[in-house]
Amino acid sequence: MYKSKRIDNLGSAIFTEMANRKKQQIAKGKNVIDLSIGTPDLPPPSVVIQAMADALSDYNAFYYSLKGSQQLYQSIASWYQKRFSVILDTNTEILDLIGSQDGLAHLPLALIDPGDIVLVPDPGYPIYQGSVELAGGKIYPMPLMEQNSFLPDLDKIPKDIAQQAKLMIINYPSNPVAAIAGLDFFQKVVHFAKQNKIVVVHDLAYSELAFDGYKPPSFLQVTGAKDIGVEINSLSKSYNMAGARFGFMVGNRDIIQSLGTLKSNIDYGVFHVVQAGAIAALEEDGSHCADMAQIYQKRRDLLIEGFNDLGWKIEKPKASMFVWAKNPGQLTSREFAYSLLEEAGIVVIPGDAFGLMGEGYVRIALVQNDNKIKEAIKQLAQSKISF
Ligand SMILES: Cc1ncc(COP(=O)(O)O)c(C=O)c1O
């Protein structure tokens, strides 16, 4: 094989394995309902499609963009001010990204040196570990446990580790655990980071997918957060623009500058047509996100109430597009995920795909419509699986 050792440490083979097992079940004629990958199944707002279509007819759109337009940065700043009352300097505190993955994958390369320690949530979204591996850093996992509401216990991080750590990654509302964090937690993080001179990256990809009237806060709402940290957001989930690839990083100007320097050597910016779509999304009146949240909330209620009725007891999450559910009985996450697929035709991701602490859980993505979710409940009810 032509590949570096770095590649071996990337990604989790279980995602591919679940996809292969799904194909096998379909080949056997099974009705399979895929609740595994967090890909939105809904369309972007029509204003986004129109803005992108209009932009496409201007051949200047095909020039290298290098950097986001001033109009784009102004839209991001206005959106942040309206949504979080956080003021951003459009010249120094914003960087456009080719999806938030671009920022998450490259930030450690821009900030740490080989051997530096990075504090990473376990379980966590896979690129948090992957990006540290790529940059030659050392991962110190912060366990996310149910008894701590899936927040890391900062007091449990050994003093020498805290003092050596260069970077901490946090993510609320979170993937895969679907947990939320309040400003009190972010305040503790800022205090901890300042004490130990650690840079904080908050991944806020699910800021707009929240339920029951809950509005996730921004890490930058905490006084002093901008001194030590940045926040990364994405239009992939909030505006169903996952394939268009648009995200942005905001906050500390030095961090923004470092990532900007790295990226200027790697890519030449976001396609102008995508920038036009992003502006239209961010300037939309907010009704799209409210409608999306309603749709996901209804799916959450249908799925969890249906599964609860069968005896699978699951808490309703307040945000994100995921449900983090405990395995019944003594089965490992993988054994349970395989049996859900083979017996009930439901594809989920075993929790250990997201880190050692994910063992004992599976992640269910709310990426199918109400009818498909009802089918999943029926298939589970008719299966041999008992709770
Ligand atoms: C927590 C989290 N962050 C970031 C991303 C990456 O999103 P994108 O690169 O599409 O903005 C995802 C995608 O699933 C995610 O779940």
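**Close-up 1. Helix α5 has a run of buried residues.** In α5, the buried residues are S100, D102, G103, L104, A105, H106, L107 and P108. This is a predicted model, so read every distance and area here as computed from it. How far apart are the end C-alpha atoms of α5? They sit 17 Å from each other, and that agrees with the 16 Å expected because the helix has 12 residues at 1.5 Å each.

**Close-up 2. Three side chains reach ligand oxygens.** Start with S100, the buried α5 residue: an N or O atom in its side chain is 2.7 Å from an oxygen atom of the ligand. N175 also puts a polar side-chain atom 2.7 Å from a ligand oxygen. For S234, the distance from a polar side-chain atom to an oxygen atom of the ligand is 2.6 Å. Zoom out a little and look at the cover: on its own the ligand would expose 400 Å², and the protein buries 93% of that.

**Close-up 3. Helices α5 and α10 both feed the shell around the ligand.** Two elements, α5 (100-111) and α10 (235-238), each supply two or more residues to this shell. Which of them gives the most? That's α5, with three residues.

**Close-up 4. The ligand has 15 residues around it.** Those that come nearest are D203, Y206, S234, S236 and K237. S234 is already familiar from its 2.6 Å approach to a ligand oxygen. As for chemistry, the shell splits into seven polar, five nonpolar and three charged residues.

Definitions and conventions
Residues numbered from 1 in each chain as written. Predicted model: local features only at pLDDT ≥ 70, side-chain atom pairs only at ≥ 80, totals over all residues. Heavy atoms only, no water. Near = heavy atom within 4 Å. Polar contact = N/O pair within 3.5 Å; in protein donor to acceptor, adjacent residues only side chain to side chain. Areas by Shrake-Rupley, 256 points an atom, 1.4 Å probe, with all protein chains shown as cover. Helix = DSSP H or I, 4+ residues; strand = E, 2+ residues; numbered from the N terminus. Nonpolar A, V, L, I, M, F, W, Y, C, P; charged D, E, K, R; others polar. Expected span 1.5 Å × (residues − 1). Buried < 20%, exposed > 50% of the residue type's maximum accessible area, 1.4 Å probe, protein only.
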